Amino acid sequence: MNDASPTRLTAAGIAAVATHLPDRVLTNDELAGLFPDWSAAKILEKTGILERRIAADDETAGDLAFEAALKLFASGIASPGDVDFIILCTQAPDHVLPTTACLLQDRLGCRRDIGALDVNLGCSGYVYGLSLASGLIAAGMASKVLLLTADTYSKYINARDKSVRTLFGDGAAATLVAATDGGGRTIGPFVYGTDGSGGKDLIVETGGFRAPRCAETAIEADDGAGNVRSRDNLYMNGAAVMNFTLREVPRTYRRLLDRSGLAPEDIDYVVLHQANKFMLDALQKKLAVKDEKLPRRYEDIGNTVSSTIPFVLSDLLRDGKLSSGTRLILIGFGVGLSWAGAVVQV
Amino acid sequence: MSEFYQGMAEIFEVEESEMGPDFPLDEGWDSLAVVSTIALIDEVYDRTVSATRLQECKTVGDIEKLAQE
């Protein structure tokens, strides 16, 4: 687009990030008691996770997103009345309908002349949320987008399925994506990826209309590897997901560098979806990124799905590591299968 | 001992002297071990192996053959 174009794109930037965790803690000791062949020390060594937070029975993703948004507003960066679009990324909505983001408009006291919608994506969702938010801003359709990510996979996980119960934790994040006033903050370029043929590899099969929940789908069975689950529960084919991740994440990283014309040394931080320690270790080797450029946050919260990247961003902000001009690559990947990456300058 | 067998010894948490082509894939060959093996093969041989074919392997030697195909 050149200066003669009738429309000018408005740059968007990440203005603030806040996070929220439920109170209940699930420790490795508790899990080791349920899964005798895995000690608490082995769970920590393999997953890198000491404990996860679990939503209460009556606590939803909408509640967690609400609390994260309150923390964002409490920081003083914006008030509910400033928000002109709400995007909530979740796979555990409060209801089938209405849209949880609409309920949050009311709960948060946001204006009624704004847009609100939910996005159904998992671990790639934060980057997709950023792309939608910055697209709305670029096109002049919004100026302050409240991007909420919240999930409660614990509600889908069978208590006796160690393959996923050890990894996932509940949590939420609120990110304010705002039009920038020429301060150098940018979001993009983006690269995307989708492979629905791997949909079966990370799935909660029932609860929609392809396979409605019923007594039969709730029948639990052992999968032969000592994990018990039903068709109503979350299932992950860890091997297939690992293969997909090792193939697509390095490719996404290279595509982002190509598209942005940047070299690896131009990037200050590579923030990957915080799946777990062994996956990040494998990806770090493939990307050849040093420890100090690959921040991590899973030890005390596990894999919080679409909120893992903003949890890392929140840590970097808190530690004063995101000074003006700091450049990051963000890459989310997971259920769908779906993946996306973005270059972000703060 | 090769990098592959060193890695497999780590995955099964046994001494390197105990690890070899005849090492059986029964006790400890759980989902985490499978995933770790995929990462190891990627690192050592720079290639991916199908999860289904990996699960058909009976010994560590079978995995080595699969990785070198």
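Here are some questions and answers about how parts of this predicted model get their descriptions.

Q: Why are helices α3 and α4 of chain A called oblique to each other?
A: Start with the angle: the axes of α3(A), residues 61-74, and α4(A), residues 100-107, cross at roughly 40° and come within 10 Å. Angles under 35 degrees would count as roughly parallel, and roughly perpendicular runs from 65 to 115. The pair is therefore oblique.

Q: Is the crossing of α3(A) and α4(A) left-handed or right-handed?
A: That crossing is right-handed.

Q: Which residues make the contact between α3(A) and α4(A)?
A: On the α3(A) side you'll find A:A61, A:G62, A:A65 and A:F66. From α4(A) come A:T100, A:L103, A:L104 and A:R107.

Q: What makes up that contact in terms of nonpolar, polar and charged residues?
A: Five are nonpolar, two are polar and one is charged. Gly counts as polar and Arg as charged, which is how A:G62 and A:R107 of the contact get their labels.

Q: In what order do the strands of the open sheet in chain A run?
A: The five strands go β1-β7-β6-β4-β5, with mixed pairing.

Q: Why do β1 and β5 of chain A stand at the edges?
A: β1 (12-20) and β5 (115-119) each have a single partner strand, so one side of each is left without a neighbour in the sheet. As for twist, neighbouring strands here are turned by 15° against each other on average, ignoring direction.

Q: How do you know that β1(A) and β7(A) pair?
A: Strands pair when there are at least two bridges between them. β1(A) and β7(A), the latter spanning residues 171-179, have eight bridges, in the antiparallel sense. Take A:G13 as an example: its bridge partner in β7(A) is A:A178.

Q: Which strands does α4(A) touch as it packs on the sheet?
A: α4(A) touches β4 (85-89), β5 and β6 (144-151) of chain A, and its direction makes about 130° with that of β4(A). Helix α9(A), residues 308-318, packs on the sheet too, touching β1, β6 and β7 of chain A, at about 100° to the direction of β1(A).

Q: What elements does chain B have?
A: Chain B has four helices and zero strands, so to speak an α-α-α-α run from the N terminus on.

Q: What makes chain B as compact as a globular protein of its length?
A: Its radius of gyration is 11 Å, and the globule rule gives 11 Å for 69 residues; the two are close, so chain B is as compact as a globular protein of that length. Along the principal axes, the C-alpha atoms of chain B fill a box of roughly 25 × 20 × 20 Å.

Definitions and conventions. Residues are numbered from 1 along each chain as its sequence is written. Chains are lettered from A and ligands numbered from 1 in the order in which they are written. This is a predicted model: local features need pLDDT of at least 70, side-chain atom pairs count only at pLDDT 80 or more; totals for chains, interfaces and linings use all residues. Axes are lines fitted to C-alpha atoms, for helices over the stretch in contact, and angles run from 0 to 180 degrees between N-to-C directions. Helices (H or I, at least four residues) and strands (E, at least two) are DSSP runs, numbered from the N terminus. Angles under 35 degrees count as roughly parallel, over 145 as roughly antiparallel, 65 to 115 as roughly perpendicular and the rest as oblique. A crossing is left-handed if the near helix is turned anticlockwise from the far one by less than a right angle, and right-handed if clockwise. Two residues are in contact if their C-beta atoms, placed from the backbone, lie within 7 Å. The radius of gyration is taken over C-alpha atoms; the globule rule is 2.2 Å times the number of residues to the power 0.38.
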